[in-house]
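User: I am new to this structure. Please take a close look at one part of it, the place where two chains touch.

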Amino acid sequence: MSSSLQCRSISKTFGGLKALQSVSVSVKPGQVVSIIGPNGAGKTTFFNCLSGIYKPEQGEILLDGICINGLAPHLICRRGLARTFQNIRLFGEMSSLENVQVAQFSHQKKNPLAILFHNPAHHRREEAFLDEALGLLEFVGLPDVANVWARNLPYGSQRRLEIARALASRPKVLLLDEPAAGMNPNEVGEMMALIHRIRDRGLGVILIEHHMKLVMEISDSIHVLDHGESIAEGTPSEVRSNPKVISAYLGQEAPN
Amino acid sequence: MIEFLVIGLTRGATYALVALGYTMVYGILGMINFAHGEIYMIGMFACVFAIGFLSTLLGPGTAALLVAVLLAVGLAAAYGYSNERIAYRHLRKAHLLAPLTSAIGLSIVLQNFIMLSVSKGKIDFPRHYSGPLIETTFQIGSTTITGLQIAILVVTLLVMGGLFYLIYRTRMGIAMRATSQDQRMASLVGIPVNRTIATTFVIGSALAGLAGVMIAMYQGVLRFDSGYSMGLKAFTAAILGGIGNIPGAVLGGLIIGLTEDATSHTIGSDWKDCTTFIILMLVLILRPRGLLGERVADKV
Amino acid sequence: MNRGLRNTLLGCLGLFAITAPFIWFRLDYNTTAQTVELIPALSKGVKFFQGLLPVFIALAACFAWQRLQKKISIPAAAQRSGQWLARQQQNPLLLPAAGLLLFSATFWLDAKNLNYAVTVGIFMLQALGLNITTGMTGLLVLGYAGFYAFGGYAFAIAQILIPGLPWWAALPFVFLAGGILGWLVGLPCLRLRGDYLAIVTLGFAESFRELMRNLEITGGDKGISLAASSKFQGMLGLNGLQSSYVFTLLAVILSVFFIYRIYHSAIGRAWIAIREDEIAASSMGVPVVRMKLLAFALSAAFAALAGQFTACHVGFIDPASSAFEQSVIVLAMVILGGMGSIPGVLLGSTLLYLIPTLLRDQFPSISDYRLLIFGIIMVVMMLYRPQGLWGSKRHQLELKAGS
């Protein structure tokens, strides 16, 4: 099966700092690829390059064979790449349902006459999108909070809401930036189940995580970044026993 | 030619003083202090009031001028501090629109306050005090330079020297630079963030007040809305130099002063303000980070 | 004495100290010696505070209300009426009844009050427009009056060039022209940061004013007076003023409908998303620049509409219409009412026009204090209630404890 997303030799520099050097990652539909590495390794920078917030100086990003380098974020989203954020960037003063609905924007027809006069066809379309949004809230395990403002949700729900929102844009590839950060073991287990369900829908998932148990159990392949470079790549068991990886994590508990 | 240079630099120096306040506050809080121009205006009025106060107490005398200048600068600094405490401190974490709106409200309050309590029209600077400085002149070739212009240039130079020393060589300066880079981290290493921010405001406002005093003497007339146009020009200067960049503010101020002067003599003084506005537009559209500013990426 | 109280007292003392020189003293110029003296002027100080009397009363009332609320539980009757009000909001008869009431006012309001009503209506149109960029999309616009004046001038010039041009024929074009102008002004500026955009719009309004003052065709400082046939005409038994009112009311109702529909659509959600977090919005597929331009253009269009209405109502337009003061008043209305909230800005416009105007009849000198009070309102609102009086409480439910 051909890859949904292929990144070749991505490099990004900020002033004098080489944040990323020749990083290559690819993911196929239904596959989960994890990116791990110490803090400051460039993981989120990599996501930012993928989703269009930064423009990489070098390298190629192909989504379903189409080059998406340097496109504006909303165009990249439209082509099928969605993401969540390390620091949760929800729309605080909008309800959970509205947060999800925003991401449906690129698929909705914005005919001014229809908006003003609500013809039956418009009603039907709106109903369909509404059902889809509510369905996504259920899918991530938040069936009851449709009308609650995002900023009033507890932390764990906010993380899941961000995922529901990203899914609403009907992506082919989903980037999850530390979705399990700050969660207790129960919640991590639920997140793992959620990622399984997402994978089963046929999406490709790229995951940045620090919870090693989650990473090891869910990943089909793992990339290890350190100081902007890819120092190892392979299946969980390969990476686990890689001496370079262990030394990069020196001082932290070795992945078990 | 030299005359143009002197006039342009004199005005430019005052723009630089006010621009420094904008740039320092932006550097440390990330916001444009819309009410800063009004502090300059308060400095102008405070000077006249201080002169009145001292001359009522001690009779007219030149010493009164120096003390009055200090009082005026002090009062301007006090207003700057109050602005920060009342309108900005509690809004630091709020959505960007809140401190901006608060600043605009404050600017309106200050302008109207002076309009209602002092005068709706213009008031004069008492010539008895600025006279001696203006009448002392020096000749360089065919150009006449007044003592006031020299005083302005010299004082500005000294003050800026003092500021650079403060920022780059003292502990307070380090605190200010640290807080402007990362507020949370600065507080975690023990820097008193509130006090540092307040100090920044105080210093910036003192500079603006000083500029107000100087222009009051130079122009001889004060209006409650003087702060509005000075604010816009100084803001342009700060942006031109690179907002957040201290040498940039000085550079920007001098450039704006010289350009204004050049326009005055070539096209006509009515178009002075227009030039500044055009410069602002060009900078914002073509090179928003200014001459010396750095591109700052949004932390995602 | 607890610390909070002590700090407040110290603060008040400090404020008093720094404002005292200006309030309680006056300057006495000695023109021969060219010196000045400072003379205590108690009466001047007292007069200053007299003008601020309504503000003090209002603040004291709010403060007392807050304290009382904590001490006294709301009596059952008040609670029941509050619930009755809430239920009425769902009542389908509410809007038609209100509409009937408002339209019938054409007959039972006298000329002075009708005039007030028309002015309020025009402010509502402006506030609704500004609400789109500043309230919903989060773009601070300081030069709104520029677009407003543009509308007035555009119509005034049009009716000079085409004598006898009826106002309703020009209306769609003025609306469109305003939108195009907004789009053009927004094009280079919307990529800028929030505060830069505010300054640029301010510059635009000021430049527009200068331009109108200097051109021949725009009549310079005096502005343009409209031909009688281009103003609102009496019709169907109504006089000019009454038909002004009817058309303004109609315009407000249609505008509210129009904006309400857009607000509750994908476009409205996109705007609010941009306000909340531009980068996240962009990453979720919202074309940020295009949406901002749309908001800007619509805002400008409504401003132009309001401008034309003003010209048709009062019969002339002048450069003062573009003054910063105008922009500030509308901004204050949006902020007071609640950013993004449609009923909020309607309420804000009404309060911020009617209260000073009615007070002016009682305290004639208060008009001088109008702007000062608006400034105070802006600061106080940001500090204590940034969501406005009738903030957009869309679907806000407190999360039930324990779930």
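Analyst: Here is a look at the contact between two chains, followed by a short look inside another chain. Keep in mind that this is a predicted model.

Start with chains B and C. Their contact draws 49 residues from chain B and 42 residues from chain C. Stay on the side of chain C. Six elements of chain C each supply at least two residues to the side that touches chain B: helix 1 (3-24), strand 2 (35-40), helix 2 (42-51), helix 9 (194-214), helix 14 (324-337) and helix 16 (366-384). Of these, helix 16 of chain C gives the most, with 11 residues. What is the make-up of this side of chain C, in nonpolar, polar and charged residues? It holds 30 nonpolar, 9 polar and 3 charged residues.

Now turn to chain A. Its domain assignment gives domain 1 (1-80 + 171-256) and domain 2 (91-170). The centres of these two domains of chain A, taken over C-alpha atoms, are 26 Å apart. Where they touch, domain 1 of chain A brings 12 residues and domain 2 of chain A brings 12 residues.

Look at the side of domain 1 of chain A. Helix 2 (73-79), strand 7 (173-177) and helix 7 (185-200) of chain A each give two or more residues to the side that touches domain 2. Helix 7 of chain A gives the most, with 4 residues. By type, this side of domain 1 of chain A has 7 nonpolar, 1 polar and 4 charged residues.

Notes. Residues numbered from 1 in each chain as written. Chains lettered and ligands numbered in written order. Predicted model: local features only at pLDDT ≥ 70, side-chain atom pairs only at ≥ 80, totals over all residues. Contact = placed C-beta atoms within 7 Å. Nonpolar A, V, L, I, M, F, W, Y, C, P; charged D, E, K, R; others polar. Domains from an automatic or database assignment.
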